[in-house]
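Q: Got a minute to walk me through this one? I'd like to start with the metal site and then hop around.

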Amino acid sequence: MEPEIIRYSAAITPFSILPKTLELIPLTTVIANLSYAYYGLVSLEKITYEASDFVAKNSNAKASDVETALYDFIRLTKNDYFHAKGAQDLQAPAAAWFTIRMTKPTSEYTTIPRWHRDGRMFDADNTPEIGSKYAITLLGKPTRLLVESELVRTTMIREEEGELDRYQCAEQLASEPLVGLKDGQIIRFTWGQKDSPVHSEPDMSTDRVFVSVLYGSEEEIRCMCEFRDEMYREES
Ligand SMILES: [Fe+2]
């Protein structure tokens with residue numbers, strides 16, 4: 001039987017929420033500010049095992065619960081990535097930068113957001129292709145996102161040109177509406193585009209566990225490692 005070919009003709013939108021919402025797992029406390037990062041070929045088993053072990057050792061969550069959540073997160077986002085590319089083989093290998101940030105409370109962003117659009121992450125194999133990043137918050141508040149508007153656009157241009165700093169930007173955009181996100185939602189947002197969503201860390205005055213992933217070809221993720229001076233994980 002011929003494999004099913006799924007092609008999404010719609011252009012990549014700057015922001016979307018994936019249709020499936022994940023159930024939040026029992027997780028209320030983290031022990032310290034810690035991060036996990038994986039740059040390399042996507043192996044669902046390897047990443048979920050390592051990352052779940054990392055989260056469980058540094059929080060009050062059960063490794064098996066974390067594993068279920070991360071497994072679903074990677075499976076759904078990787079499928080979405082392939083669909084968006086119009087890929088014919090949804091099981092084809094892909095590389096990724098997968099990261100988990102576990103943080104203890106800070107008041108750094110409570111009243112003053114750090115509004116920004118994500119810049120270029122790597123040089124794409126196919127130049128016009130638009131790159132995306134996926135994220136979910138397992139504990140704490142989700143990413144703060146602004147609804148795009150004329151004021152948002154002009155303020156961010158003024159910030160890029162050095163006319164406004166973080167604090168002035170926050171002041172300018174204080175009354176702008178936010179995109180309402182619910183617990184367990186997986187978001188996708190583009191990077192490196194003029195209209196990539198303007199976002200910030202949320203109020204981080206409670207413990208937080210934030211997970212994100214960005215997919216690419218092996219060359220693209222190796223390029224990202226060079227940009228960031230990180231180690232690409234060679235297969236063992
Ligand atoms: Fe960002």
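**Metal site and surroundings**

A: The iron ion is coordinated by His116 (NE2), Asp118 (OD) and His199 (NE2), at 2.2 Å. Donors here are N, O and S atoms within 2.8 Å of the metal (3.2 Å for Na, K and Ca), and water is not among the atoms, so sites may look incomplete.

Q: What kind of model is this, and how are residues numbered?
A: This is a predicted model, where local features need pLDDT of at least 70 and side-chain atom pairs count only at pLDDT 80 or more, while totals for chains, interfaces and linings use all residues. Residues are numbered from 1 along each chain as its sequence is written, and side-chain values use heavy atoms, with hydrogens and water left out.

Q: OK, back to the iron. How are the donor residues spaced in sequence?
A: The pattern is H-x1-D-x80-H.

Q: Is His116 buried or exposed?
A: His116 counts as buried, at 16% relative accessibility. Buried means under 20% relative accessible area, exposed over 50%, and partly exposed in between (1.4 Å probe, protein chains only). Asp118 is buried as well, at 10%.

Q: Switching to cysteines: how many disulfides?
A: Zero, where a disulfide is a pair of cysteine sulfur atoms within 2.5 Å.

Q: Which cysteine sulfur is nearest to that of Cys225?
A: That of Cys223, 9.2 Å away, and Cys225 is in no disulfide. Cys225 is buried, with a relative accessible area of 4%. Cys169 also counts as buried, at 1%.

Q: Now the sheet. What's the strand order?
A: Six strands form an open sheet, running β1-β6-β4-β8-β3-β2, with antiparallel pairing. Strands pair if DSSP finds at least two bridges between them. As for the names, helices (H or I, at least four residues) and strands (E, at least two) are DSSP runs, numbered from the N terminus.

Q: Which strands stand at the edges?
A: β1 (15-17) and β2 (34-41); each has a single partner strand, so one side of each is left without a neighbour in the sheet. The twist averages 15° from one strand to the next. For angles, axes are lines fitted to C-alpha atoms, for helices over the stretch in contact, and the angles run from 0 to 180 degrees between N-to-C directions.

Q: How many bridges join β1 to β6?
A: Three, and β6 (residues 187-190) runs antiparallel to β1. Across that pair, Ser16 stands opposite Arg188 in β6.

Q: Which helix packs on the sheet?
A: Helix α2 (residues 63-85), which touches β3 (95-103), β4 (132-139), β6 and β8 (208-216). Its direction makes about 35° with that of β8. Contact means heavy atoms within 4.5 Å.

Q: And which residues is Ser217 in contact with?
A: Leaving aside its neighbours within four places in sequence, Ser217 is in contact with Tyr81, Ala95 and Asp125. Ser217 sits in the loop between β8 and α5 and counts as buried, at 19%.

Q: Salt bridges next. How many are there?
A: The structure holds 15. A salt bridge is a side-chain nitrogen of Lys or Arg within 4 Å of a carboxyl oxygen of Asp or Glu.

Q: What does Arg114 pair with?
A: Glu201, with the closest N and O atoms 2.8 Å apart. That pair links distant parts of the chain: Arg114 is in the loop between β3 and β4, Glu201 in the loop between β7 (199-200) and β8, and they are 87 residues apart. Arg114 is partly exposed at 34%, whereas Glu201 is buried at 10%.

Q: Where do Glu150 and Arg153 sit relative to each other?
A: Both are in helix α3 (residues 150-160); being three residues apart, they are separated by about one helical turn. Their side chains meet in a salt bridge (3.3 Å, N to O). Both also belong to a network of salt bridges with Arg117 and Glu148.

Q: What about Glu234?
A: Glu234 forms a salt bridge with Arg222, with the closest N and O atoms 2.9 Å apart. Glu234 lies in the segment after α5 and Arg222 in helix α5, so the pair ties together parts that are 12 residues apart in sequence.

Q: Last one: what's the phi of Asp229?
A: Near 60°, a positive value in a residue other than glycine. Asp229 is in the segment after α5 (218-228) and is exposed, with a relative accessible area of 72%.
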